[in-house]
Amino acid sequence: LLNEYLGSQTLYAPKAGPGSYAAAAKIFYRLRKAGLSGPGSVDCLIAQTAIECGLFLLHYDSDFDRIAKVAPLKMW
């Protein structure tokens, strides 16, 4: 049942390989430089993937609101 469900979903991954991870680290750095704390590296990578893929991120997590202050993250 799980395989069936996951097989019906569109999955997104970082597009630039190591460059995506570097861009996520830059988001983390810009947050710290701006004095904003909270988001971890995984949240930054999720945000970077959404940015690269041109996706809106549906969330209920204030960490992504902070990320949007330093990165062009589109949110719903």
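## Helix α2

On one side of α2, P18, K26, Y29 and K33 are exposed, opposite the buried residues of the helix. This is a predicted model. The buried residues of α2 are S20, A24, I27 and L31. Viewed down the helix axis, these buried residues fall within an arc of 50°, so they line one face of α2. An α-helix has 3.6 residues a turn, so residues three or four places apart point the same way.

The buried residues of α2 pack against α3 and α4. With 16 residues at 1.5 Å a residue, α2 should span 22 Å, and its end C-alpha atoms are indeed 22 Å apart. Just after α2 comes G35, with a positive phi of about 80°.

## Helix α3

Helix α3 covers residues 41-53, 13 residues in total. From its first C-alpha to its last it reaches 18 Å, close to the 18 Å expected at 1.5 Å a residue. The buried residues of α3 are D43, C44, A47, Q48, T49, A50 and C53.

The cover over these buried residues of α3 includes α2 (18-33) and α4 (62-67). Just after α3, G54 takes a positive phi of about 65°.

## Cysteines

How many disulfides does the model have? The count comes to zero. A disulfide is a covalent bond between the sulfur atoms of two cysteines. For a pair to be counted here, the two sulfur atoms must lie within 2.5 Å. The cysteine sulfur closest to that of C44 belongs to C53 and is 16 Å away, too far for a bond. Taken from the other end, the sulfur of C53 has its closest cysteine sulfur in C44, again at 16 Å and too far for a bond.

Are C44 and C53 buried or exposed? C44 counts as buried, at 1% relative accessibility. C53 is also buried, with a relative accessible area of 17%; the cut-off for buried is under 20%. Both cysteines appear among the buried residues of α3.

## The loop between α2 and α3

G38 is found in the loop between α2 and α3. At 45% relative accessibility, G38 counts as partly exposed, since that class lies between the 20% limit for buried and the 50% limit for exposed.

Which residues does G38 touch, leaving aside those up to four places away in sequence? They are R32, D63 and R66. The C-alpha atoms of G38 and T10 are separated by 28 Å, and the two residues are 28 residues apart along the chain.

## Overall arrangement

The secondary structure of the protein comes to four helices and two strands. Along the sequence these follow the pattern α-α-α-β-α-β. Taken along the principal axes, the C-alpha atoms fill a box of roughly 45 × 30 × 20 Å.

The protein has 76 residues, and buried residues make up 28% of them. About 5300 Å² is exposed, with carbon and sulfur atoms supplying 61% of that area. Among contacts between residues at least 6 apart in sequence, 46% join residues at least 24 apart.

Notes: Residues numbered from 1 in each chain as written. Predicted model: local features only at pLDDT ≥ 70, side-chain atom pairs only at ≥ 80, totals over all residues. Heavy atoms only, no water. Buried < 20%, exposed > 50% of the residue type's maximum accessible area, 1.4 Å probe, protein only. Expected span 1.5 Å × (residues − 1). Contact = heavy atoms within 4.5 Å. Arc of directions from axis to C-beta. Areas by Shrake-Rupley, 256 points an atom, 1.4 Å probe, with all protein chains shown as cover.
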